[in-house]
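Good morning, colleagues. Please have the display open before you, as I shall refer to individual residues throughout.

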Amino acid sequence: MKKTIIIASLFLSVLSFAQESVEKDNLLPLPKMSYLDSLKTTFVNHNTSNCIDERWLSELANFELSNDMYNDIENFNIDSEVSYNLSTELLKKRLAKMDAKSPFNIEYHPALENTIKAFLKNRPKAFERLMAISEYYFPMFEEHLAKYNIPLELKYLAIVESALNPRAKSRVGASGLWQFMYPTGKQYNLEVTSYVDERYDPLKATEAACQYLSSLYGIFGDWSMVLAAYNCGPGNVSKAIRRSGGSQNYWNIRKNLPQETANYVPAFLATFYIYEYKKEHGIMPKKAPLTYFETDTIMVKRQMSFKHIADLLDISEEQLEFLNPIYKLKVIPFVADEPHYLRLPKNKMGLFVSNEEKIYAYLNYLETYKEKTKSEFIASSSRDSISAAADSAYVSKPKFERKTQFHTIKSGESLGKIADKYNVSISELKKWNSIKGNNIQAGKKLKIYSDKKIIAKTESKSNNDGTYTVKSGDSLFSISKQFPGVSIDDIKKWNDISGDNIQPGMKLKING
């Protein structure tokens, strides 16, 4: 009996102590949170979502491939013999097989042989990369080509035109995957304004390209002539036909076409050949981690910038730029009766749609804050739109100071690698250092800016002592953005984290 009483007393004591601890914990002040952070704690389905991998994004937006393709078409002498281990007889047999199953007139010509051999000799790795990017775009191309009853082989035209870079721009101003000039783009309803250039929109430009190719076929009735006309215009092809005595064979009129067009059709046919016989030539395509169909669009209901979207959805501005290349100023405009769309990876689209009202409420709050122009603003009027837990938190706008540092370029470093190291974008690096292309020299110094958060006295000291306490709604991406020069990989390494999952209350080491 005595033993039972003692055990019961001990149990009640422990229970009482636990209750006191909980009550004390409840009395602790909540850490200060920005309106953005507090809003994101209320988002439905606010978990870490996969986006386009940064290395894959860099490949998709790489200008090197498109620049090389332009140089080949403009400067390569395809009438000069190329030394490569491919017999003429074997090539003739393969071209005959391709001709039998294609609506194109694919016949052997020494200039075509030279082009094929030059591509195989000089650019096998480039084609491996192009074949991966093809997996991203080709399903969408094929859907549109089939809709217009156009040969599916014309998907290779976008490789010759832009090397599948949606931001490609030629020296004469042709733009996008399908390289539309301004007048032709307008003719096929591609809008160009101060905010928007739809020639860079893969979906709309593909639709326009199909319409244009169909109209050219209606004029010439031969797909090789259509390709030539797509490059230099139907007028120039018609002149070349007249100057060649009325011949309708591309190889017969080639000498009367502009130099670039004279190389253009052979480049297309050589690309077609290499895709058909890649295994025979030891070309091992890289795999695409996702396709264009794994993204989706939503019509926006007010103006918003890429920065606002990036902050709200934890997606990089670089990804938004790639997925929405038509917006020239990184701003999606809102004009009544003129719909504009935002394209996102499907998982981020789900996050946007589930929290659409809150997102627009936040954008309205920013507009209100901008009008009041106060250095600090408490969003008391907006608290109805956030949860009770977030409502009880202190809401403040953090202050920042600009920090400048310099990076000495090491041998083998690229702009992408340096940008990743300092958690900035490649476009920012270029702008800060007046870099036009992608080439950088070892030994040169790059200027790098970062906005360092000024920590108020009332904020948690954990931000000052080399650790960071994870709050509800935090992600590794949003945390890394708070510490200049700190990347997601750094945080994972310092804290032995293998995945992307973090929990509120966790203390993370920050060595930056």
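I shall go from the overall chain to its cores, one helix, one pocket and a few single residues.

Please keep in mind that this is a predicted model. The chain contains 23 helices and eight strands. Of its 512 residues, 47% are buried. As for the reach of the contacts, take those between residues at least 6 apart in sequence: 70% of them join residues at least 24 apart.

Let me turn to the cysteines. How many disulfides does the structure hold? The number is zero. Two of the cysteines may be noted for their surroundings. Cys210 has a relative accessible area of 2% and is therefore buried, the limit being 20%. Cys232, at 16% relative accessibility, falls under that limit as well, so it too counts as buried.

Next, the nonpolar cores. In soluble globular proteins, nonpolar side chains tend to be buried together. The largest nonpolar core here comprises 78 residues, and the members that touch the most others are Tyr137, Leu154, Trp178, Tyr230, Val237 and Tyr273. Which helix gives the most to this core? It is α7, residues 124-147, with 11 residues.

Trp178 deserves a closer look. Setting aside neighbours within four places in sequence, its contacts are Phe141, Leu154, Leu157, Ala158, Glu161, Ala205, Thr206, Ala209 and Tyr230. Two of these partners, Leu154 and Tyr230, were also named among the core members that touch the most others. There is, in addition, a second, separate core of 28 residues, and its members include Val300, Phe306, Tyr327 and Met349.

I now come to helix α6, which covers residues 110-122. With 13 residues at 1.5 Å a residue, α6 should span 18 Å, and its end C-alpha atoms are indeed 18 Å apart, so the two values agree. Is α6 mostly enclosed or open to the outside? Because 10 of its 13 residues are buried, α6 is largely enclosed by the rest of the structure. The buried residues are Ala111, Leu112, Glu113, Asn114, Thr115, Ile116, Lys117, Ala118, Phe119 and Leu120. Against what do they pack? Their partners are α4 (63-75), α5 (88-100), α7, α13 (250-253) and α14 (259-276).

Helix α14 brings us to Asn263, which lies within it. Asn263 has a relative accessible area of 3% and is buried. Beyond residues up to four places away in sequence, Asn263 touches Asp72, Ile73, Phe76, Ile78 and Arg254.

Arg254 appears again in connection with Ser244: the two are 10 residues apart in sequence, and their C-alpha atoms are 8.9 Å apart in space. Ser244 sits in the loop between α12 (234-243) and α13. With a relative accessibility of 18%, against a limit of 20%, Ser244 counts as buried. Apart from neighbours within four places in sequence, Ser244 is in contact with Asn252, Ile253 and Asn256.

Let us consider the second largest pocket, which has a volume of about 530 Å³. Its lining consists of 25 residues, and those nearest the centre are Ser170, Val172, Ala174, Asn231 and Glu260. Which helices each supply at least two residues of this lining? They are α4, α8, α11 (223-232) and α14. Of the elements that contribute, α4 gives the most, with five residues.

Two residues merit attention for their backbone. Leu164 has a positive phi of about 60°, although it is not a glycine. Its place is in the loop between α8 (157-162) and α9 (182-187). Ser434, likewise not a glycine, has a positive phi near 50°, and lies in the loop between α21 (426-433) and β6 (445-454). Are these two residues buried or exposed? Leu164 is buried, at 0% relative accessibility, whereas Ser434 is exposed, at 67%.

Finally, Tyr182 is found in helix α9. With a relative accessible area of 40%, Tyr182 is partly exposed, because that value lies between the limits of 20% and 50%. Leaving aside neighbours within four places in sequence, Tyr182 is in contact with Val192 and Arg199. Tyr182 and Asp197 are 15 residues apart along the chain, and 9.5 Å separates their C-alpha atoms.

That concludes the presentation; thank you for your attention.

Technical notes. Residues are numbered from 1 along each chain as its sequence is written. This is a predicted model: local features need pLDDT of at least 70, side-chain atom pairs count only at pLDDT 80 or more; totals for chains, interfaces and linings use all residues. Side-chain values use heavy atoms; hydrogens and water are left out. A disulfide is a pair of cysteine sulfur atoms within 2.5 Å. Buried means under 20% relative accessible area, exposed over 50%, partly exposed in between (1.4 Å probe, protein chains only). A nonpolar core is a set of buried Ala, Val, Leu, Ile, Met, Phe, Trp, Tyr and Cys residues joined through side-chain atoms within 4.5 Å. Helices (H or I, at least four residues) and strands (E, at least two) are DSSP runs, numbered from the N terminus. Contact means heavy atoms within 4.5 Å. The expected span of a helix is 1.5 Å times one less than its number of residues. On a 1 Å grid over the protein atoms alone, a cavity is a set of points where a 1.4 Å probe fits but cannot get out, and a pocket is an open set with protein on both sides within 12 Å along at least five of seven lines; lining residues have an atom within 4 Å of a point. Grid points are joined across faces, edges and corners, and a volume is the space filled by probe spheres set on the points.
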